[in-house]
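Reader: Hi! Could you take me on a close look at the pocket in this one, and then show me what else is worth finding in the chain around it?

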Amino acid sequence: QVQLVESGGGSVQAGGSLRLSCAASGSIFRLNAMAWYRQAPGKQRDLVALLTRDGKTTYANSVKGRFTISRDNAENTVYLQMNSLKPEDTAVYYCKADDLHPGGPRRYWGQGTQVTVSS
């Protein structure tokens, strides 16, 4: 089993910045893609940013130019730098990791961290 622990959420005013971290631990074989999703109240969970092990990124259109995803493969940690935050960025942010287990790929989720942006 792999555990994902997120940190760095909080409350900030519009225009501010936050940095989220997600550390993976446990029986890790080889983490492939790591990503951040978010879910606002009453809405579905949507992809915010994804980063593959070889460095390919995908961003939601709504965060392009404001958010940056990065990772430290040696530490099995993924980060999300969020700048120019807007009230519509308010949501619970979840970390996801895909592990290349010999028995087949496995997907893990973190417990979520709240981000609240006030106007």
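**The pocket and its surroundings**

Author: Sure, let's start with what lines the largest pocket: the residues there split into 5 nonpolar, 4 polar and 4 charged. Keep in mind that you're looking at a predicted model. The volume of this largest pocket comes to about 170 Å³. Its lining has 13 residues, and R38, A40, K43, D46 and E88 are the ones closest to the centre. Where do residues of the lining come from? Strands β4 (31–39) and β5 (46–51) each supply at least two of them, and β5 gives the most, with 3 residues.

Now for the strands at the other end of the numbering. β9, covering residues 91–99, pairs with β10, covering residues 106–109; the two are antiparallel, with 4 bridges. Find D98 and you'll see R107 of β10 standing opposite. Together β9 and β10 make a hairpin, with 6 residues between them. In that turn, G104 has a positive phi of about 130°.

Positive phi is worth a second look elsewhere, too. Most residues that aren't glycine have a negative phi. N76 goes the other way: it isn't a glycine, yet its phi is positive, at about 50°. You'll find N76 in the loop that joins β7 (67–72) to β8 (77–82). S84 is another non-glycine residue with a positive phi, in this case near 50°, and it sits in the loop between β8 and β9. Is S84 buried, exposed or partly exposed? Its relative accessibility is 41%, so it counts as partly exposed.

Let's go back to β9, since one end of a disulfide sits there. A disulfide is a covalent bond joining the sulfur atoms of two cysteines. This model has 1 disulfide. The partners are C22 and C95, with sulfur atoms 2.1 Å apart. They tie together distant parts of the chain: C22 belongs to strand β3 (residues 18–26) and C95 to strand β9, 73 residues apart. The torsion about their S-S bond is about -80°, so this disulfide is left-handed.

And how covered up are the two cysteines? Buried means under 20% relative accessible area. C22 has 0%, so it is buried, and C95 is buried as well because its relative accessible area is 0%.

Note on methods: Residues numbered from 1 in each chain as written. Predicted model: local features only at pLDDT ≥ 70, side-chain atom pairs only at ≥ 80, totals over all residues. Heavy atoms only, no water. 1 Å grid on protein atoms, 1.4 Å probe; cavity = no way out; pocket = protein on both sides within 12 Å on 5 of 7 lines; lining within 4 Å. Points joined across faces, edges and corners; volume = space filled by probe spheres on them. Nonpolar A, V, L, I, M, F, W, Y, C, P; charged D, E, K, R; others polar. Pairing = 2+ DSSP bridges. Buried < 20%, exposed > 50% of the residue type's maximum accessible area, 1.4 Å probe, protein only. Disulfide = S-S within 2.5 Å.
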